[in-house]
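Student: Could we go through this structure together, starting with the backbone and then the pockets?

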Amino acid sequence: MSEENVFVINHPLIQHKLSLMRRKTTSTSSFRALLQELSMLMAYEVTRDLPLVMEDIETPLEPMRAPVLEGKKIVLISVLRAGTGMLDGMLRIVPSARVGHIGLYRDPKTLEPVEYFFKVPSEMHDRDAIVMDPMLATGNSAAAAVARVKATGPKSVKYVCLLAAPEGIATFRKQHPDVPIYTPAIDVRLNDHGYILPGLGDAGDRLYGTK
Ligand code: URA
């Protein structure tokens, strides 16, 4: 399904794994494993339109023209810290991808993002960038992360998450109408603390057992 450049990935395996992750009884180790599995499946969908070029290769039997990915390696950009849980799964599917990190935390009072780390590979202008963070909640961090990535001049940018709130999509859309969002689900709303309802709680805490 696609609406306003939002792609809801409703593959049954993705939907099932997401439901397991939402359950409050799911352990930290299961949550982590599920996020990795789900991210592998998401990687398949998100990379579906990567351009190919034909290259001359030799099989053991004869030469042929074969399709290979065009251009420089794509760059997977994890928004710390929960994005790293998705990165591991994505890298299983695209092991030669380059990796970038953005460190942002949400000021608990203003809910605005504050940057503390930024590192991406060289030659960004030749790369397609995929920015990932599990929870598209207020949309402030997502929009700030994507603005920062755009400033490095990549060929294209996509945003991938595990759950999105309508408010987050709206905020993100205002700033980045050109950036497609990939998510398995759009939930109902945010609560007063900026958490997605019904959601799955704090993704970072559930991933790393820090609560
Ligand atoms: N971040 C989370 O980890 N969970 C939410 O519901 C919102 C933001």
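**Backbone, pockets and ligand**

Tutor: Proline 198 is in the loop between β14 (196–197) and α6. Keep in mind that this is a predicted model.

Student: Which residue is joined to proline 198 by a cis peptide bond?

Tutor: Leucine 197, and omega there is about -5°. Another cis peptide bond links leucine 80 to arginine 81, with omega about 0°.

Student: Where is arginine 81 found?

Tutor: Arginine 81 is in the loop that runs between β5 and α3 (83–93).

Student: Why point these bonds out?

Tutor: Because most peptide bonds are trans, and most residues other than glycine have a negative phi. On the phi side, glutamate 123 has a positive value of about 50° although it is not a glycine. Glutamate 123 belongs to the loop between β7 (113–119) and β8.

Student: OK, pockets. What volume does the largest pocket have?

Tutor: About 620 Å³. Its lining is made of 31 residues, and those nearest the pocket centre are Arg106, Asp133, Met135, Ser141 and Asp202.

Student: Which elements each supply at least two residues of that lining?

Tutor: Two or more lining residues come from each of β5 (75–80), β6 (98–106), β9 (135–136), α4 (140–150) and α6 (203–208).

Student: And how many of the lining residues of the largest pocket are nonpolar, polar and charged?

Tutor: The lining has 17 nonpolar, 8 polar and 6 charged residues.

Student: Where does the ligand go, which space does it take?

Tutor: The ligand takes the space of the largest pocket. Around the ligand are Arg106, Met135, Ala137, Gly194, Tyr195, Ile196, Gly201, Asp202 and Ala203. By class, that shell has 5 nonpolar, 2 polar and 2 charged residues.

Student: Which ligand atom is 2.8 Å from a backbone N or O atom of glycine 201?

Tutor: A nitrogen atom of the ligand. Oxygen appears in two other contacts: a polar backbone atom of isoleucine 196 is 2.8 Å from a ligand oxygen, and a polar backbone atom of alanine 203 is 2.7 Å from a ligand oxygen.

Student: How much of the ligand's accessible area does the protein cover?

Tutor: The ligand on its own has 240 Å² of accessible area, and the protein covers 89% of that.

Student: Switching topic. What is the volume of the second largest pocket?

Tutor: About 160 Å³. Among the residues lining the second largest pocket are Leu50, Pro51, Leu69, Glu70, Lys72, Lys73, Ile74 and Asp128. The class split of that lining is 6 nonpolar, 2 polar and 4 charged.

Student: How many cavities of 30 Å³ or more does the structure hold?

Tutor: There is 1 cavity at that cut-off. About 30 Å³ of space lies in the largest cavity.

Student: Which residues line the largest cavity?

Tutor: Leu50, Asp128, Ala129, Ile130, Ser156 and Lys158. Leu50 and Asp128 also appear in the lining of the second largest pocket.

Student: Which element gives the largest share of the cavity lining?

Tutor: β8, which gives 3 residues. β8 (128–132) and β10 (156–160) each contribute at least two residues to the cavity lining.

Student: And how do the residues of that lining divide by class?

Tutor: Into 3 nonpolar, 1 polar and 2 charged.

Definitions and conventions:
Residues numbered from 1 in each chain as written. Predicted model: local features only at pLDDT ≥ 70, side-chain atom pairs only at ≥ 80, totals over all residues. Heavy atoms only, no water. 1 Å grid on protein atoms, 1.4 Å probe; cavity = no way out; pocket = protein on both sides within 12 Å on 5 of 7 lines; lining within 4 Å. Points joined across faces, edges and corners; volume = space filled by probe spheres on them. Helix = DSSP H or I, 4+ residues; strand = E, 2+ residues; numbered from the N terminus. Nonpolar A, V, L, I, M, F, W, Y, C, P; charged D, E, K, R; others polar. Near = heavy atom within 4 Å. Polar contact = N/O pair within 3.5 Å; in protein donor to acceptor, adjacent residues only side chain to side chain. Areas by Shrake-Rupley, 256 points an atom, 1.4 Å probe, with all protein chains shown as cover. Sits in = over half its atoms within 2 Å of the grid points.
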